[in-house]
Amino acid sequence: MDAVVKPWRKATLSDDLKAAPQVVRPSREEAEAAVRTLIAYTGDDPLREGLIETPKRVVDAYEELYRGYRECPAEVLDRTFNEIGTYDDFVLVRDIAFNSQCEHHMMPFMGKAHIAYKPVDRVVGLSKLARLVDVYGRRLQTQEHMTSQIATAIEEVLNPRGVAVMIEAEHMCMSLRGVEKLGSSTITTQFVGSFRDDPAEQARFMTLVRGG
Ligand SMILES: [Zn+2]
């Protein structure tokens, strides 16, 4: 493939920016059989009419929910534009809706991501930031790891002056089981460069994200 390292990019990208590690993937039939086993474990009959097609549908859903393993975060941010004129403030995309699956329970967590970066010469298409969230969201995740992965990807590929990422999400593993606290939200943040070093810039990000 393309071995040329583009000049604005760091020579070596961290593992988080590459496509996910390849593991030996079971066959589709094996995956469907595993779903039948789980149905039987609930106490129901996987062969009754209403459930007979369920393993197929679950595996179809898995293809969608976990497609991030087959996408490369660095490639998502690959196309950049350098027509930014004299623009020298940060770019913020807020309220990027996402869903992901918690790696401890394989239950959904969903919410919004807010991303800001302060470009140097180059900007990326705004929709690419939303796609980046999806690449990491469509994997087994912790919210903390997802937050830092997004920040690291932007930092390493775009090499901006700073990056700020905030994720707020509700975890179904907390709402529907365990402590059963419906409606609680978890907030994670990661600040890099100017957002970490300049409290005023960080505060402005927080104000804008909070609907200012
Ligand atoms: Zn969980």
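So, what spacing do the donors of the zinc ion follow along the chain? Keep that in mind for a moment. One thing before we start: what you see above is a predicted model.

Okay, the answer. The zinc donors follow the spacing C-x2-H-x67-C. Put names on those letters and you get Cys102, His105 and Cys173. The cysteines each coordinate through SG, while His105 uses ND1, and the distances run from 2.2 to 2.3 Å.

Let's see where two of these donors sit. His105 is in the loop between β2 (91-102) and β3 (108-118). Cys173 belongs to helix α6, residues 172-175. That puts the two 68 residues apart, and the pair links distant parts of the chain.

Are they buried or exposed, or something in between? His105 is partly exposed, at 36% relative accessible area. Cys173 has 11% relative accessibility, and it counts as buried because the cut-off for buried is under 20%.

Now, on to charges. Side chains of opposite charge can pair when their charged atoms come close. How many salt bridges turn up in a search of the whole structure? The count is 13. I'll walk you through a few.

Start with Glu32 and Arg28, whose side chains meet at 3.0 Å, N to O. Both are in helix α1, residues 28-42, and because they are four residues apart there, about one helical turn separates them. Glu32 is buried, at 18% relative accessibility, whereas Arg28 is partly exposed, at 31%.

Next up, Arg67 with Glu71. In this salt bridge the closest N and O atoms are 3.8 Å apart. Arg67 counts as partly exposed, with 32% relative accessibility.

And then there's Glu201 with Lys118, a salt bridge at 2.8 Å, N to O. What does this pair tie together? Glu201 lies in helix α8 (residues 199-209) and Lys118 in strand β3, so the bridge ties together parts 83 residues apart in sequence. Glu201 is buried, at 5% relative accessibility, and Lys118 is buried too, at 14%.

Last bit, and we go back to some residues you've already met. Arg28 and Glu32 are joined with Lys56 and Asp60 into one network, through salt bridges that share partners.

So, if you're clicking around the structure later, try two stops. Find the zinc ion with Cys102, His105 and Cys173, then look for Glu201 in helix α8 and Lys118 in strand β3. That's it from me, thanks!

Conventions:
Residues numbered from 1 in each chain as written. Predicted model: local features only at pLDDT ≥ 70, side-chain atom pairs only at ≥ 80, totals over all residues. Heavy atoms only, no water. Donors = N, O, S within 2.8 Å, 3.2 Å for Na, K, Ca; no water. Buried < 20%, exposed > 50% of the residue type's maximum accessible area, 1.4 Å probe, protein only. Salt bridge = Lys/Arg side-chain N within 4 Å of Asp/Glu carboxyl O.
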